Amino acid sequence: MNIAIIGTGYVGLPTGVGFAELGNNVTCIDIDENKIKSLKEGNITLYEDGLLDLFLKNTKNGNLNFTSSLEDGVKNAEIVIIAVGTPPHPVTKEADMKYIHAAAKDLAKYLNNYKVVAIKSTVPVGTGDEVENIIRQENPNSDFDMVSLPEFLREGFAVYDFFNPDRIVVGTNSIKAREVISRLYADFKDKTNILYTNRRSSETIKYASNSFLAMKIHFINEMADFCEQSGADILEVAKGMGLDTRIGNRFLNPGPGYGGSCFPKDTLAMAYMGRQYNIDLSLINAAIKGNDDRKDKIANKIKLEVKDIKNANIAILGLAFKNGTDDCRESPAIDIVNKLLSDNLNIKAYDPKAMDLAKVLLGDKIKYSNNMYDCIKDVDLLVIFTEWDEFKELDLEQASKLMRNKNILDFRNLLDKDRVLKSGVKYKGVGR
Ligand code: NAD
């Protein structure tokens, strides 16, 4: 099939690469000309496990193309997938629809023969109707069906999730559009649940899912706080809870709070929609507040560990919001570092993949190291924020020689507590 994808970011690029790998002819479009230039030159613009090889293979065999011209990308496409950003509005915190609206307006003039327009971006309930109206107003002769096709990929596992989705949700009442989408996902039909719903249900499924997952993380973080005070161990508690199939064992890992480009903005947008419909979404509001407060609490915990705040050196391992990705958007690590900087703490940081993007956010306010041993040299405290496998391999003997004060705060429970303590290093995990 000929597929056009508008927006070549964390969703658009892996989706484009995935459909190209399945033998489709995919054109990825972006208004960011530098990004398109870089992709055309064979340089990938984001890190995801396994993405580079498939990207190179499919650009070479011609299945995957890039352009900044909407016309070139869309004119021969049977299906146009919109995957532009929907960041939080700076004031109201609702999903900011400016990129979606602009893409819809620009797209309208190229819809003169039948196409399916599918919105993969996470968008407020009713957006399908809104975008359909925008297109019809711009081009009364347009021939298309509007579909909601929410994306559920996890950053860090984008390629795996593309080929192994838990479910594909398709919001449309059009039989014609359904036929096109079922061809698009023909390779998945035997192994994946494909759920057809009305458009508004599909749009709601995305927000409800992300809100639920954010609440699950917030819940286990609150339980971790409780365990710290009560003498229980959150790892044992989470294991015991997870054995109940109604609860499930995933998303029960305590940490520094949820982050990334989805949960923070999607919970805020859901809360905003609740207010619009006069529904008290109290659980979601509590998760939003609890997750924000958690970063202050963690910054305070860190400060309590260092005696002489003005002269203390702190090493931060991990700046990405989670492992497997270089994405630092809304990363708790970045927020907490900023809070620590307001107390003038000296900070050195290392992340195996996210250094470039972290530098954009933190600039020269901190020092950057080339590896974890360089990072922990002469520090008074080591703080772990991201669950990279590399950090699990930390050589404790070497670490204890390098650190000025031997003290680790591990906000991912990544290291083996007993081994660390045996090596003579002071250690605190989360919820234990
Ligand atoms: P992103 O910021 O990484 O990428 C968006 C891209 O769209 C950018 O490259 C931008 O230049 C481009 N763009 C903006 N307006 C455009 C236009 N008019 N024409 C062409 N390109 C345009 O965003 P993302 O993380 O890929 O997220 C995209 C959407 O998918 C959001 O709604 C997000 O909530 C949703 N989503 C993201 C994830 C994730 O893990 N990142 C997962 C599921 C859903």
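# Exercises on a predicted model

Gly171 sits in strand β7 (residues 167–171); helices (H or I, at least four residues) and strands (E, at least two) are DSSP runs, numbered from the N terminus. The model is predicted, so local features need pLDDT of at least 70 and side-chain atom pairs count only at pLDDT 80 or more, while totals for chains, interfaces and linings use all residues. Residues are numbered from 1 along each chain as its sequence is written, and side-chain values use heavy atoms, with hydrogens and water left out.

## Exercise 1

Task: describe the surroundings of Gly171 and of Thr192.

Solution.

Step 1. Gly171 has a relative accessibility of 0% and therefore counts as buried. Buried means under 20% relative accessible area, exposed over 50%, and partly exposed in between (1.4 Å probe, protein chains only).

Step 2. Contact means heavy atoms within 4.5 Å. With neighbours within four places in sequence set aside, Gly171 touches Met146, Val147, Ser148, Thr197, Asn198, Arg199 and Ser202.

Step 3. Pro150 is 21 residues from Gly171 along the chain, and their C-alpha atoms are separated by 8.6 Å.

Step 4. Thr192 belongs to the loop between α8 (175–184) and β8 (193–197). Its relative accessible area is 8%, so Thr192 is buried. Outside the four-place window in sequence, Thr192 is in contact with Pro165, Asp166, Arg167 and Ile168.

## Exercise 2

Task: which residues of helix α3 are buried, and how are they arranged about the axis?

Solution.

Step 1. In helix α3 (residues 51–60), the buried residues are Leu51, Leu54, Phe55 and Asn58.

Step 2. Viewed down the axis of α3, these buried residues fall within an arc of 105°, so they line one face of the helix. The arc is that of the directions from the helix axis to the C-beta atoms.

Step 3. An α-helix has 3.6 residues a turn, so residues three or four places apart point the same way.

Step 4. Asp53 and Lys60 are exposed on the other side of α3. The cover over the buried residues of α3 includes α1 (12–21), α2 (33–40), β3 (64–67) and α7 (158–163).

Step 5. Gly62, just after α3, has a positive phi of about 85°.

## Exercise 3

Task: give the strand order of the six-stranded open sheet and find its edges.

Solution.

Step 1. The order is β11-β10-β9-β12-β13-β14, with parallel pairing. Two strands pair if DSSP finds at least two bridges between them.

Step 2. β11 (367–368) and β14 (426–428) are the edge strands; each has a single partner strand, so one side of each is left without a neighbour in the sheet.

Step 3. Two bridges join β10 (residues 346–350) to β11 in the parallel sense. Ala349 has Tyr368 in β11 as its bridge partner.

Step 4. Another parallel pair is that of β1 and β2 (residues 25–29), over five bridges. Asn2 stands opposite Asn25 in β2. In β1 (residues 2–6), four of the five residues are buried, so this strand is largely enclosed by the rest of the structure.

## Exercise 4

Task: how many salt bridges are there, and where do the partners of three of them lie in terms of burial or sequence?

Solution.

Step 1. A salt bridge is a side-chain nitrogen of Lys or Arg within 4 Å of a carboxyl oxygen of Asp or Glu. The count by this rule is 32.

Step 2. Asp244 and Arg246 form one of them, with the closest N and O atoms 2.7 Å apart. Asp244 is partly exposed at 22% relative accessibility, whereas Arg246 is exposed at 75%.

Step 3. Asp292 and Lys295 form a salt bridge at 3.8 Å, N to O. Being three residues apart in helix α12 (residues 282–305), the two are separated by about one helical turn. Asp292 is partly exposed at 42% relative accessibility, and Lys295 is buried at 7%.

Step 4. Glu387 pairs with Arg412 in a salt bridge whose closest N and O atoms are 3.4 Å apart. Glu387 lies in the loop between β12 (381–384) and α16 (389–392), and Arg412 in the loop between β13 (407–410) and α18 (417–422), so the pair ties together parts that are 25 residues apart in sequence. Arg412 is buried, with a relative accessible area of 18%.

Step 5. Asp129, Glu132, Arg136, Arg199 and Arg200 are joined into one network by salt bridges that share partners.
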